[in-house]
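Visitor: I've got a chain up on my screen and I'd like someone to walk me through it. Can we go through it piece by piece?

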Amino acid sequence: MDTNGRRRNPYELTEETPVYVISVAAQLSGLHPQTLRQYDRLGLVSPDRTAGRGRRYSARDIELLRQVQQLSQDEGINLAGIKRIIELENQVAALQSRVAELQAALDGAAAAMQQREAAVHASYRRDLVPYQEVQQTSALVVWRPKKAKDS
């Protein structure tokens, strides 16, 4: 199933589809295969595994490998720090997804409430008049019922 609840084509390739063997992933990321194995052991980038335990990398894994390399080489962050950054980024993404779910639920509840409110307003009797504040005067109003006429 995709994010919209539809069935996904099993042959459709996405950025999460694990298709690259370690040698191709190493070429695409600009890293040595041994570096990829080390990152896997440290839990920085965890590719899927085949039945024979071979690593299969997705396009998202390749992008993550490039990000790890950039943080390590350009920013001077050690691997433990990079692992923590990745964990926090994953946590933020999960929280953003949850906020989106809750916002959708809130929007649905608000729409349902507006529908119920409209139904209540539609059910009001039309012969009722809204009450309005009357200014105090010294006038006296006497009400006398009409007398029924004799037939």
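**Around T17**

Guide: Let's start with one side chain in this predicted model: T17 reaches with its side chain to the backbone nitrogen of T14, at 2.8 Å.

Visitor: Where is T17 found, and which residues does T17 touch beyond those up to four places away in sequence?

Guide: T17 sits in the segment before α1. Leaving out residues up to four places away in sequence, the residues T17 touches are E12, Y57, S58 and A59.

Visitor: How far apart in space are T17 and D48, C-alpha to C-alpha?

Guide: Along the sequence, 31 residues separate T17 from D48. In space, C-alpha to C-alpha, the distance between T17 and D48 is 9.2 Å.

Visitor: Let's zoom out for a second. In what order do the elements of the protein chain run from the N terminus on?

Guide: The parts to place are four helices and two strands. Reading from the N terminus, the order is α-α-β-β-α-α.

Visitor: And what share of the residues is buried?

Guide: Buried here means under 20% relative accessible area. The protein chain has 151 residues, and the buried share of them is 15%.

Visitor: Of the contacts between residues at least 6 apart in sequence, how many join residues at least 24 apart?

Guide: Take the contacts in the protein chain between residues at least 6 apart in sequence as the pool. Within that pool, the share joining residues at least 24 apart is 49%.

**Helix against helix**

Visitor: How do α1 and α2 pack: parallel, antiparallel, oblique or perpendicular?

Guide: Two packed helices are described by the angle between their axes and the distance between the axes. For α1 (residues 22-29) and α2 (residues 33-42), the angle is about 100° and the axes are 9 Å apart. Angles of 65 to 115 degrees count as roughly perpendicular, so α1 is, relative to α2, roughly perpendicular.

Visitor: Which residues meet there, and what kinds are they?

Guide: From α1 come I22, A25, A26 and S29, and they meet P33, L36 and R37 of α2. By type, the residues of this contact split into five nonpolar, one polar and one charged.

**Salt bridges**

Visitor: How many salt bridges are there?

Guide: A pair counts when a side-chain nitrogen of Lys or Arg is within 4 Å of a carboxyl oxygen of Asp or Glu. By that rule, the count is seven.

Visitor: Which residue does E16 pair with in a salt bridge that links distant parts of the chain?

Guide: E16 is in the segment before α1, and its partner, 44 residues apart, is in helix α3 (residues 59-73). Both ends are partly exposed, E16 at 40% relative accessible area and the partner at 43%. The closest N and O atoms are 2.9 Å apart, and the partner is R60.

Visitor: Why are E63 and R66 about one helical turn apart, and how far is it from N to O in their salt bridge?

Guide: E63 and R66 are three residues apart in helix α3, so about one helical turn separates them. E63 is partly exposed at 46% relative accessibility, and R66 is partly exposed too, at 38%. Their side chains meet in a salt bridge with an N to O distance of 3.9 Å.

Visitor: Which helix holds R84 and E87?

Guide: The side chains of R84 and E87 meet in a salt bridge, 3.5 Å from N to O. R84 is partly exposed at 46% relative accessibility, and E87 is partly exposed at 38%. The two are three residues apart, about one turn, in helix α4 (residues 79-122).

Visitor: Which residues are joined into one network by salt bridges that share partners?

Guide: Think of salt bridges strung together through shared partners. The residues joined that way into one network are E15, E16 and R60.

**An odd backbone angle**

Visitor: What is the phi of R53, and is R53 buried or exposed?

Guide: Most residues other than glycine have a negative phi. R53 lies in the loop between β1 (48-49) and β2 (55-56). With a relative accessible area of 56%, R53 is exposed. R53 is not a glycine, yet its phi is positive, at about 75°.

How values were computed: Residues numbered from 1 in each chain as written. Predicted model: local features only at pLDDT ≥ 70, side-chain atom pairs only at ≥ 80, totals over all residues. Heavy atoms only, no water. Axes fitted to C-alpha atoms, helices over the stretch in contact; angles between N-to-C directions. Parallel < 35°, antiparallel > 145°, perpendicular 65-115°, else oblique. Contact = heavy atoms within 4.5 Å. Nonpolar A, V, L, I, M, F, W, Y, C, P; charged D, E, K, R; others polar. Polar contact = N/O pair within 3.5 Å; in protein donor to acceptor, adjacent residues only side chain to side chain. Buried < 20%, exposed > 50% of the residue type's maximum accessible area, 1.4 Å probe, protein only.
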